Amino acid sequence: MNLLKWASLFLYLSFFLTRPSFSSSILSSYEPNEIPKYFLDLAKKSAVLDWMVNIRRHIHENPELGFEEFETSRLIRSKLDELGVFYKYPVAVTGVLGFIGTGKAPFVALRADMDALPIQELVEWEHKSKVPGKMHACGHDAHVAMLLGAAKILQEYRDELKGTVVLVFQPGEEGCGGAKKMVEAGALENVEAIFGLHVRSDLPLGQVNTRSGSVLAGVGFFEAVIAGKGGHAAIPHHSVDPILAASNVIVSLQHIVSREADPLDSQVVTVAKFQGGKAFNVIPDSVTIGGTFRAFVRESLYKLRQRIEEVIVSQAAVQRCNTTVNFFDSETPVTPPTINNEDLHDYFTKVAADMLGPQNVKEMAPLMGSEDFAFYQELIPGYMFFLGLKNETLGPTVPEHNPKYTVNEEAFPYGAALHASLALRYLSEQQTGTLWRERSHDEL
């Protein structure tokens, strides 16, 4: 171990061993099932809610794309400094890892993504994006604010933690594989489980929805350049027509799902890009097509990738064309399906019901959208849930990735309190061994 690593280890241990004692005995007067509601009431107080809202609005005004979140990361670090929370930076370029608790096992992680989208905001309000062509249109600004809100609560009650909470502020979720890079950088070292949330505009405020097993599909992207020989449209026999070849390729790609996939194993192949030719009477030299493929089963996802390449190359060859296929492995790696751990589902349902009431914990159908949170779940038990934003009294809502997208900030206390409750209770139940006890008993 080099000098720098020894120094980092010394600072880390010194922080946890010498941190000032904070009186948090108030939690001892509550039963475990009462703490989530207590945290929710705490998160609704102006000292926490207004703090989160101000953070979110600052981030919203200054959106940054994947792995460019330097200002966002700086703000996160300044807030962790304000709270007295130890952190590591940089992790995967702009990522931040915060640590609250004993500094010892068990470790549980809470994750928030930080990046914005290349969208021009069309919402006219005081805190509109100040960066042309960039916008937080997927709620990641809210995710950061709520995780910091959870940090504020957990830090106040850090002496109640029976282990360590790892705060994962992740860059590059939007197609950049940021979670994969965080894993490669060691973000999950010693971590036993991880929780993540995503806001949802069509779900009522005060509700959450999720499911055990497959929640979101795995996804990959492809692009193919089909090269022929250009020429005059009046004498096509002197040319090798890449437009005809590309047309046959597109039709054949649709047969992969309709004739090769199990009908009960949902899969999608969509060609959404077709570029070729600029004149009515000229056959172009080449055509570029591109699209996406999705599936809920990992094996099916990679089988789709294999067959897409085989179909494109072989069908283009039938029309005497050459082809190169790109799956963007370095820029946008294939994201596996998001699959929620069954035991964590039972645990989450219990904690969320204690806070919101069982009637506000909804079972959702799987969605063909994707989330790189799945990279964490490939290594350790992980759980993704959705937090409702919808308040009909505020008017109609639009879905994520829309230039008119808005976030209902009244949802922030729910997200922060759920994060904090899940982490605190997870560590307590891991220490006592109760988290897995019911499942083990059922299996016996």
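This is a short tour of one sheet, the helices that pack on it, and a surface patch, in a predicted model.

**The sheet.** Start by selecting strands β10, β12, β8 and β13. Listed in that order, the four strands make up an open sheet with antiparallel pairing. Strands of a sheet pair through backbone hydrogen bonds, so a backbone display suits this stop. At the edges are β10, residues 267–275, and β13, residues 322–326; each of these pairs on one side only. From one strand to the next, the twist averages 20°.

**The β8–β12 pair.** Now select residues 218–227 for β8 and 286–295 for β12. These two strands run antiparallel and are joined over ten bridges. For a single example, pick Ile 226: its bridge partner in β12 is Val 287.

**The helices on the sheet.** Next, add residues 242–260, which form helix α7. Helix α7 lies across β8, β10 and β12, and runs at about 165° to β10. Then add helix α8, residues 298–318. Helix α8 packs on the sheet and touches β8, β10, β12 and β13. The direction of α8 makes about 160° with that of β12.

**The surface patch.** Leave the sheet and select Phe 70, Tyr 89 and Val 93, with a surface display. Which kind of patch do Phe 70, Tyr 89 and Val 93 form on the surface? The patch is nonpolar, and its three residues together have about 270 Å² of accessible area. Phe 70 belongs to helix α4, which spans residues 70–83. With a relative accessible area of 46%, Phe 70 counts as partly exposed, because exposed would require over 50%.

Methods: Residues are numbered from 1 along each chain as its sequence is written. This is a predicted model: local features need pLDDT of at least 70, side-chain atom pairs count only at pLDDT 80 or more; totals for chains, interfaces and linings use all residues. Side-chain values use heavy atoms; hydrogens and water are left out. Two strands pair if DSSP finds at least two bridges between them. Axes are lines fitted to C-alpha atoms, for helices over the stretch in contact, and angles run from 0 to 180 degrees between N-to-C directions. Contact means heavy atoms within 4.5 Å. Patches are made of residues with over 30% relative accessible area and no salt bridge: like charges are joined within 9 Å, nonpolar side chains (Val, Leu, Ile, Met, Phe, Trp, Tyr) within 5 Å. Accessible areas come from the Shrake-Rupley method with a 1.4 Å probe; for residues, only the protein chains shown count as cover. A salt bridge is a side-chain nitrogen of Lys or Arg within 4 Å of a carboxyl oxygen of Asp or Glu. Buried means under 20% relative accessible area, exposed over 50%, partly exposed in between (1.4 Å probe, protein chains only).
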